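Colleague: Please take a close look at one part of this model for me. I am new to it, so explain the terms as you go. Then follow the loops around that part.

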Amino acid sequence: LPWYHYQPMRKPARNDLPAIVLKRNSNRPLNEQLRSEIAQIILAGKLRPGARLPSTRRLSQELGISRNTVNEAYDQLAAEGYLQSAVGIGTRVVPTLPPELLRPGRPQRTKLHGTRLSLRGNEIAKVTIALDRIESGAGTQIGNPALDLFPFDTWKRLMAQQVERLSHAEFGYANPAGFQPLREQIAAHLARSRGLRVTSNRIIVVAGAQQALDLTARLLLDDGDPVLFENPGYPGARAALMGAGAHLRPVAIDGEGMNVGSLSSVDRQARAAYVTPAHQFPLGPTMTLSRRLALLEWAEEQNAFILEDDYDGDFRHAGKPISAIASLDTYDRVIYVGTFSKVMLPSLRLGFMVVPEELVTQITSVRGFMDRHSPVLEQATLAAFLELGYFARHIRHMREVYTERRALLITELLNHTNDLLDIYAPETGAHIIANLHGISGQRAAKAIGTQEIAIVPLSHYYFEPTKSNGLLLNFANSTAAGIQRSVRNIARALRGQRRSKS
Ligand SMILES: Cc1ncc(COP(=O)(O)O)c(C=O)c1O
């Protein structure tokens with residue numbers, strides 16, 4: 001039996017309520033339980049509009065609770081529009097409640113039938129749900145950096161300092177373009193590491209690369225606009241662009257990145273191009289200088305723009321990070337996107353975009369009406385983290401760790417799987433590609449299962465169904481022992497597959 005029961009058979013007399021049983025050992029306060037019971041009784045039509053309720057004294061005696069508790073429940077019900085009190089007539093159900101809307105035996109909740117999404121919403125959901133499966137792939141941790149090596153103690157200390165230092169005013173609504181000291185630190189970082197010299201007013205702090213892509217797509221593209229997109233390419237960017245109605249034109253990636261020289265005359269007319277030139281995702285080549293210059297020339301000719309996603313360019317294993325295309329841009333065609341997800345933590349949800357001067361105001365206002373701005377405390381903490389040199393130190397540390405992990409993964413693969421696959425290891429980033437001998441990446445990933453390194457079949461990232469033998473192996477968030485165990489399991493699974501085939 002439920003903990004209370006009504007007695008619908010007995011016609012309620014005036015001043016009578018159906019039986020109410022309150023649960024005394026619940027952590028829900030008694031006044032709230034009583035409020036909710038009476039509200040349900042009224043909504044179910046068991047007390048008619050205008051019906052009088054027992055006096056607070058009587059009800060408190062009947063239920064064995066204090067009068068105060070009943071008063072509180074009645075007051076709340078009056079504030080919510082169920083009850084009315086007046087001198088002389090006591091408390092009654094609001095007489096103007098339309099009885100036809102109070103349905104006896106009305107079910108508590110009914111399931112929604114049919115779809116509630118707009119046509120546009122449906123399209124966006126279809127795209128994103130399909131791409132989400134790619135993102136989660138076989139390894140759910142695919143994009144994570146080394147989470148355990150983040151200097152959490154330093155972060156905690158800086159954050160506590162910022163709580164003290166920020167003024168009360170700074171905890172109010174803030175500039176959607178970002179916390180000014182952070183914008184300045186980002187500008188200094190870009191000049192140092194990407195050859196990109198911009199004033200801080202062209203930097204807009206956003207909630208990760210994803211928001212930068214979404215904002216750009218919404219603001220600069222019309223429904224049906226053709227956009228050149230790397231094939232294979234990054235699902236997050238695909239979803240953002242398609243969500244804004246763009247028609248993506250896949251462009252094959254070779255060892256030099258995207259080649260606008262190879263475009264058909266139709267594709268040349270595109271409105272924009274999305275590229276990951278520092279480290280093409282997922283294949284890995286760095287876009288060559290001649291391709292970069294050709295891309296800029298194309299953008300200028302077509303009055304198009306370039307979305308440059310530099311998500312993990314800080315992790316070059318040999319030498320310094322590559323200069324950004326934006327640093328070569330004399331036409332104001334490039335929207336440069338950076339993120340703290342890979343160098344710091346994805347859960348920070350902080351990234352930035354560098355936009356042409358004449359777009360700053362529009363992009364800033366639109367962002368302001370999306371989610372106002374990124375959290376100021378985190379931005380201020382990050383600004384201090386950069387200013388005090390912890391950021392540069394963390395990048396150096398991570399670069400060493402990833403270089404070691406990458407070398408270990410390659411050595412282990414060479415030692416245990418040399419006859420089973422070839423390795424392609426780009427100089428940047430936190431993943432490598434394995435080209436399997438005689439088995440598709442999809443079948444292999446299934447046979448290998450979840451491991452301590454993240455594993456995704458390369459075919460996932462192509463536009464068209466592809467019989468790729470490639471596997472993406474991400475080592476960023478795995479220990480040395482985890483890498484060794486994973487490689488042994490990969491070798492075992494691939495040998496098992498080979499045996500079952502022969
Ligand atoms: C190509 C690419 N761009 C951007 C990102 C980062 O996105 P965000 O900053 O939204 O976390 C990733 C993460 O995996 C990525 O692979």
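Modeller: Helices (H or I, at least four residues) and strands (E, at least two residues) are DSSP runs, numbered from the N terminus. The model is predicted: local features need pLDDT of at least 70, side-chain atom pairs count only at pLDDT 80 or more, and totals for chains, interfaces and linings use all residues. Residues are numbered from 1 along each chain as its sequence is written, and side-chain values use heavy atoms, leaving out hydrogens and water.

Take helix H10 as the part to study. It runs over residues 360-371, twelve residues in total. The expected span of a helix is 1.5 Å times one less than its number of residues. For H10 that gives 16 Å, and the end C-alpha atoms are 17 Å apart, which agrees.

Now look at its sides. Val360, Ile363, Thr364, Arg367 and Gly368 are buried in H10. They cover an arc of only 140° around the axis, which puts them on the same side of H10. The arc is taken from the directions that lead from the helix axis to the C-beta atoms. Thr361 and Phe369 sit on the other side of H10 and are exposed. Buried means under 20% relative accessible area, exposed means over 50%, and partly exposed lies in between (1.4 Å probe, protein chains only).

What does the buried side pack against? Its partners are strand S3 (203-206), helix H7 (208-220) and strand S10 (351-354).

Step off the end of H10. Arg372 comes just after the helix, in the loop between H10 and helix H11 (376-387). Its phi is positive, about 65°, although Arg372 is not a glycine. At 45% relative accessibility, Arg372 counts as partly exposed.

Asp332 offers another positive phi in a residue other than glycine, near 60°. Asp332 belongs to the loop between strand S8 (305-310) and strand S9 (334-339). With a relative accessible area of 34%, Asp332 is partly exposed.

Go back to H7, one of the packing partners of H10. The loop between H7 and strand S4 (226-231) holds Asp225. Asp225 counts as buried, at 13% relative accessibility. Leaving out residues up to four places away in sequence, Asp225 touches Leu220, Gly245, Ala246, His247 and Arg271. Contact here means heavy atoms within 4.5 Å.

Past S4 comes a cis peptide bond. Asn231 and Pro232 are joined by it, with omega about 5°. Pro232 lies in the loop between S4 and helix H8 (235-243). Phe281 and Pro282 also share a cis bond, with omega near 5°. Pro282 is in the loop between strand S7 (272-275) and helix H9 (289-302).

Phe281 is also one of the residues surrounding the ligand. Others there include Gly208, Ala209, Tyr234, Tyr274, Asp309 and Lys342. A residue is near a molecule if one of its heavy atoms lies within 4 Å of it. Three residues reach ligand oxygen atoms, as follows. A backbone N or O atom of Gln210 lies 3.0 Å from one. A polar side-chain atom of Thr339 lies 2.6 Å from an oxygen atom of the ligand. For a polar side-chain atom of Arg349, the distance to a ligand oxygen is 2.8 Å.

Technical notes. Polar contact = N/O pair within 3.5 Å; in protein donor to acceptor, adjacent residues only side chain to side chain.
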